[in-house]
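I am keeping these notes while I look through a structure that is new to me. The entries follow the order in which I looked things up.

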Amino acid sequence: MPMKSDLRFSLPTPAQCGEMDRKASETIGISALMDRAGWAVAQAIRARFAPCRVLVLCGPGNNGGDGYVAARYLERAGWSVQVAPLAPPREGSAAFGAAAQYRGRITDFAPENARRADLVIDAVFGAGLDRPPAPEVVAVLSAARTLVAIDLPSTVNGTTGAALVEGPDYRMSVTFVRPKPGHILYPGREICGELICADIGMPEVCLEAAGPTIWLNGPGLWHVPAMSPEDHKYRRGVVSICAGQVMPGATRLAAAGARASGAGLVRISAGEGAAAYCLGAPGLVIDDGPLKTLLEDERRRVWLCGPGLTEPEVAASLPLLLASERIVLADAGALGWAGSEPEKLRGVSVITPHIGEFTRLFGAPGDDLVAAAREAAQRIGAVVVLKGAVSVIVSPDGRVALNDHASPALATAGSGDTLAGVIATMLAAGMAPWEAACAGVWLHGEAGMRAGNWPIVEALDAHLGDARAKAIALACEI
Ligand SMILES: NC(=O)C1=CN([C@@H]2O[C@H](COP(=O)(O)OP(=O)(O)OC[C@H]3O[C@@H](n4cnc5c(N)ncnc54)[C@H](OP(=O)(O)O)[C@@H]3O)[C@@H](O)[C@H]2O)[C@@H](O)CC1
Ligand SMILES: [K+]
């Protein structure tokens with residue numbers, strides 16, 4: 001498990017936020033937190049908008065309570081404010097107290113009022129949203145010209161990022177303590193607009209008590225080995241790649257990604273197809289012997305199987321690798337070979353499917369990518385890297401990292417082969433599978449960001465070494 005010091009990477013789910021709130025009510029008290037939350041919302045708005053007519057839509061729970069506080073602070077700053085309650089807060093609740101302290105104007109929860117306002121603050125539902133909001137609520141939100149959400153848009157599932165109904169996009173969302181998974185995962189990420197996360201002084205013990213299991217991927221959550229004067233190629237790690245005879249490009253891209261991210265040695269097991277790999281890249285070692293013989297070398301622990309392989313080629317290699325208990329990363333052709341029987345992949349350490357490959361293996365993931373990837377990881381006992389605009393990296397023990405450190409530049413053919421090579425290098429460097437996968441995805445994303453506009457996939461390689469150096473430096477700073 002990530003350690004307590006890693007809480008800064010945590011992405012608590014709304015259910016875990018409920019736990020955090022319960023713990024907070026025993027210590028600092030919800031009213032104090034609510035006051036800071038509403039104040040943070042008012043400050044974020046004042047920093048980004050000129051004074052204007054504001055309508056605050058307040059629901060019956062604590063999200064509504066934050067809304068009353070924000071209304072009070074904006075009014076105190078001289079803004080023209082009205083509050084439209086959907087329903088009154090429960091008597092005796094913190095939100096009830098916040099509503100009582102707001103002495104300004106109240107109006108109807110109606111589309112025409114939203115239309116008249118310059119800025120509408122959505123404090124209807126936040127972490128407590130557990131079912132689609134009623135059409136009347138959506139109609140009022142949709143009438144707004146400019147929308148700011150407190151915590152979460154009232155249409156977005158904070159756990160999955162799914163839109164519970166079709167609704168409007170927001171200019172900004174102000175959340176507290178830590179972002180929630182729904183702020184990071186699509187489509188929630190897009191609906192939220194600019195995301196501000198305010199520190200409201202939540203005691204760390206409360207966040208710890210929430211027991212988060214989802215993390216935002218980044219250096220410090222894992223540590224990539226640095227260069228050392230005692231390094232030699234075997235210590236840095238050997239990556240072995242199964243090569244096919246028909247599609248050498250994918251294998252070569254994976255090999256290049258592995259080398260560029262710091263593998264000590266990359267060997268391609270090409271069998272009878274060795275001639276196709278011998279040209280160029282003189283630093284690569286090409287083996288033409290039978291796989292069985294190559295597996296006698298115990299230093300060759302980490303194997304990449306799948307990029308550029310046909311199904312018969314996977315059938316001739318993957319079972320042998322598994323039988324010899326190697327650390328195997330399965331991608332591309334290896335996933336196709338398993339078809340809709342993912343159990344055939346039992347024994348591999350990491351798989352790296354995109355959504356299409358994932359669907360063929362495990363069925364369509366539906367709205368909850370994290371739950372689907374978790375189930376898949378448990379089913380085959382391997383780390384699952386579900387690749388996408390936000391990649392989901394799941395360990396069979398339930399740990400999840402969401403990676404938004406990426407660039408659309410990576411959406412090009414061959415990018416997945418490079419990624420597989422990078423993750424294999426992290427495995428060969430001795431990292432545990434989930435950490436290696438998280439690191440590989442981050443480094444790949446960083447290289448994509450550095451590679452400029454519309455890079456060809458080969459251009460990523462030039463940036464992987466600097467990406468690794470940056471990851472090492474950032475992890476040291478933390
Ligand atoms: N964690 C933190 O650090 C802090 C969190 N804070 C804030 O607390 C917020 C969470 O508050 P919360 O737990 O009271 O939930 P909230 O979102 O107000 O909704 C609950 C109410 O809505 C109702 N309801 C739900 N869905 C519905 C629907 N579709 N249609 C109709 N009704 C629906 C539900 O009704 P019920 O299900 O009980 O019938 C209940 O009455 C959080 O988002 C943040 O803003 C800060 O104040 C302090 C620090
Ligand atoms: K909200």
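**Entry 1, the parallel sheet.** I began with strand S2 (residues 80-85) and found that it pairs with S3 in the parallel sense, over two bridges. Within this pairing I looked up glutamine 82, whose bridge partner in S3 is arginine 105. I then followed the sheet outward and noted an open sheet of seven strands, with parallel pairing, in the order S3-S2-S1-S4-S5-S6-S7. At its edges stand S3 and strand S7 (194-198), each with a single partner strand, so one side of each is left without a neighbour in the sheet.

**Entry 2, confidence.** I note here that the model is predicted, and that the protein averages a pLDDT of 96, with 99% of the residues scoring at least 70. Among the elements, strand S4 (residues 119-123) has the highest mean pLDDT, 99, while helix H10 (residues 233-236) has the lowest, 90.

**Entry 3, the mixed sheet.** I turned next to an open sheet of ten strands, in which the pairing is mixed and the order is S8-S17-S16-S15-S14-S13-S12-S9-S10-S11. Strand S8 (214-216) and strand S11 (285-287) are the edge strands, and each of them pairs on one side only. Inside the sheet I looked up strand S13 (residues 327-330) and strand S14 (residues 350-351), which run parallel and are joined by two bridges. Here alanine 330 stands opposite isoleucine 351 in S14.

**Entry 4, serine 240.** I picked out serine 240, which is found in strand S9, and asked whether serine 240 is buried or exposed. Its relative accessibility is 0%, so serine 240 counts as buried. Not counting residues up to four places away in sequence, I found that serine 240 touches Arg267, Arg300, Val302, Trp303 and Leu304.

**Entry 5, the nonpolar cores.** Which residues of the largest nonpolar core touch the most other members? I found that they are Trp222 and Ile393, in a core of 52 residues. Several elements supply at least two residues each to this core, among them strand S9 (238-242), helix H11 (248-260), strand S15 (383-386) and helix H20 (461-477). H19 gives the most to this core, with nine residues. I then listed the contacts of isoleucine 393, leaving aside its neighbours within four places in sequence, and they include Asn217, Val383, Val385, Arg399, Trp434, Ala437 and Val441. There is also a second, separate core of 48 residues, and its members include Val56, Ala95, Ala99 and Leu207.

**Entry 6, isoleucine 45.** I looked up isoleucine 45, which is found in helix H2 (residues 30-48) and is buried, with a relative accessible area of 0%. Leaving aside its neighbours within four places in sequence, isoleucine 45 is in contact with Leu74, Trp79, Leu119, Ile121, Val148 and Met172. I also checked isoleucine 45 against isoleucine 380, and these two are 335 residues apart in sequence and 47 Å apart in space, C-alpha to C-alpha.

**Entry 7, aromatic pairs.** How many aromatic pairs does the structure hold? I counted three aromatic pairs, and I followed up the pair formed by tyrosine 68 and tyrosine 102, which is tilted, with 6.4 Å centre to centre and 50 degrees between the planes. Tyrosine 68 lies in helix H3 (residues 62-76) and tyrosine 102 in the loop between helix H4 (94-101) and strand S3 (105-106), so the pair ties together parts that are 34 residues apart in sequence. Tyrosine 68 is buried, with a relative accessible area of 4%, and tyrosine 102 counts as buried at 6% relative accessibility. I then took up the aromatic pair of phenylalanine 358 and phenylalanine 362, which is also tilted, with 4.9 Å centre to centre and 40 degrees between the planes. Both phenylalanine 358 and phenylalanine 362 lie in helix H16 (residues 355-362), four residues apart, or about one turn of the helix, and both are buried.

**Entry 8, charges over rings.** Last, I looked for charged ends placed over aromatic rings, and found arginine 72, whose charged end sits over the ring of tyrosine 73, 5.0 Å from its centre. I also noted arginine 299, whose charged end sits over the ring of tyrosine 234, 4.2 Å from its centre.

Technical notes:
Residues are numbered from 1 along each chain as its sequence is written. Chains are lettered from A and ligands numbered from 1 in the order in which they are written. This is a predicted model: local features need pLDDT of at least 70, side-chain atom pairs count only at pLDDT 80 or more; totals for chains, interfaces and linings use all residues. Side-chain values use heavy atoms; hydrogens and water are left out. pLDDT is the predictor's confidence in each residue, from 0 to 100. Rings of Phe, Tyr and Trp (its six-membered ring) pair if their centres lie within 6.5 Å; planes under 30 degrees apart count as stacked, over 60 as edge-to-face and the rest as tilted. Buried means under 20% relative accessible area, exposed over 50%, partly exposed in between (1.4 Å probe, protein chains only). A charge sits over a ring if NZ of Lys or CZ of Arg is within 6 Å of the ring centre and within 35 degrees of the ring normal. A nonpolar core is a set of buried Ala, Val, Leu, Ile, Met, Phe, Trp, Tyr and Cys residues joined through side-chain atoms within 4.5 Å. Contact means heavy atoms within 4.5 Å. Two strands pair if DSSP finds at least two bridges between them.
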